[in-house]
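Hi,

Here is the structure I said I would pass on to you. Have a look at it first, and then read my notes underneath.

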Amino acid sequence: MYDDRMAKPLTTPEERVALFQQLFSDTIPHNKALGLKVVAVARGLASMQLDWRSELVGNPETGVLAGGPLTAMLDGCCGMAVATLLKDPKPFATLDLRIDYARPATPGQPVIAEAECYRITRSVAFTRAFAHQGDPKNPVAAAAGTFMLGTKGEVTRAQAIGREAIGREKLK
Amino acid sequence: MSGSLIKRLAEARKKGDVARLAEAIPYAKWMQIAPENTTGELLTRMRYHDSLIGNTFLPAIHGGTLGAMLEMTAIFHLLWESETETVPKIVNITVDYLRSARPRDVVAAAKVTKQGRRMVNVFAEAWQDDRSKPVATASAHFLVQSPDDAEPSL
């Protein structure tokens, strides 16, 4: 079981971002392959960035990104928001994920995802996220993800990190 | 708009080789997602490679990649099975995750639930070894006409 004595918040936001970058991107093969960057993290909140790359394009004539990379980033970002709230770390998995594609992402520009876990119960966590390209009022996509908590397997370090890195700090 | 994909579609139809469609989509090539019709049924396969992993501990394939391949499955189905002259534009997709996907190929099939004049509802289902045990299902909406409604987002 996870040792609560490890629950000491890291001192700076930079340290925290670096730690989440390591656990949610560098050591998760698909997130690493996409080149996902952790931008910010706080209790219940997570933000990631996906840079435009020619391999991720869905339509070669327009250079617009395919939906898949956005789906993977939004899934990962919602999962990271859940991890920041787990008082008693346990394995969890995506139960369902809805993506609304509001507009095509402008080619060549990065896409930023911002996720919030707005409700967490013993068994289920509810999240919402938006993806935008600098102006949150002009989203590329919106997501709603539900996560099942206490799924089989052992808790990964990424799933246990919220308490360790953020502790009991209030939502910013 | 999307001339190369529509041209590729016409070529693929003539040769009866649906796999050519994936060659026109950089993301599908990168992900190793391609349609196949070897059994007479149109299926889409995501070949296993290590960068699909989302959980190294189980290990399991990243949920985002399952959503992505279900979306591609629906797109390939619409391109191949309908008389479309335009690339379908995805409006939204809802993915249900039913089982964790193991480090093996994932195969999926799609069907049109409702064909409207402008909007199509598609259901897609993905499995690994046993088709009766799907790993994920999805339902998605696509705009299939009225290019004025939205820019192509495929």
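**Chain A as a whole**

Chain A has 172 residues, and for that number a compact globule would have a radius of gyration near 16 Å; the chain comes out at 16 Å, so the two agree. Before you go further, please keep in mind that this is a predicted model. Taken along the principal axes, the box filled by the C-alpha atoms of chain A is roughly 55 × 30 × 30 Å.

As for what chain A is built from, I get 4 helices and 8 strands. If you want to trace them from the N terminus, the order is α-α-β-β-β-β-α-β-β-β-β-α. Of its 172 residues, 47% count as buried. I also looked at contacts in chain A between residues at least 6 apart in sequence: 68% of these join residues at least 24 apart.

**Where the two chains meet**

How many residues does each chain bring to the contact? Chain A puts in 34 residues and chain B puts in 39 residues. On the chain A side, the elements that supply at least two residues each are α2 (29-34), β3 (57-59), α3 (67-83) and β5 (92-101). The one that gives the most is β5(A), with 9 residues. Sorted by type, the chain A residues that touch chain B are 15 nonpolar, 12 polar and 7 charged.

β5(A) is worth another look, as it is also joined to a strand of the other chain. Its partner is β5 of chain B (residues 89-97); the two strands run antiparallel, with 5 bridges between them. If you'd like a spot to zoom in on, try R98(A), whose bridge partner in β5(B) is T94(B).

**One residue in chain B**

I also picked out R8(B), which sits in helix α1 of chain B, a helix that covers residues 3-15. Is R8(B) buried or exposed? It falls in between: R8(B) has 18 C-beta neighbours inside 10 Å, and because a residue needs 20 or more to be buried and 12 or fewer to be exposed, it counts as partly exposed.

Which residues does R8(B) touch, leaving aside its neighbours within four places in sequence? The contacts are R20(B), L21(B), E23(B) and A24(B). A22(B) is 14 residues away from R8(B) along the chain, and the C-alpha atoms of these two are separated by 9.3 Å.

That's what I have so far. Over to you!

Cheers

Notes:
Residues are numbered from 1 along each chain as its sequence is written. Chains are lettered from A and ligands numbered from 1 in the order in which they are written. This is a predicted model: local features need pLDDT of at least 70, side-chain atom pairs count only at pLDDT 80 or more; totals for chains, interfaces and linings use all residues. Two residues are in contact if their C-beta atoms, placed from the backbone, lie within 7 Å. Ala, Val, Leu, Ile, Met, Phe, Trp, Tyr, Cys and Pro count as nonpolar, Asp, Glu, Lys and Arg as charged, and the others, Gly among them, as polar. Two strands pair if DSSP finds at least two bridges between them. The radius of gyration is taken over C-alpha atoms; the globule rule is 2.2 Å times the number of residues to the power 0.38.
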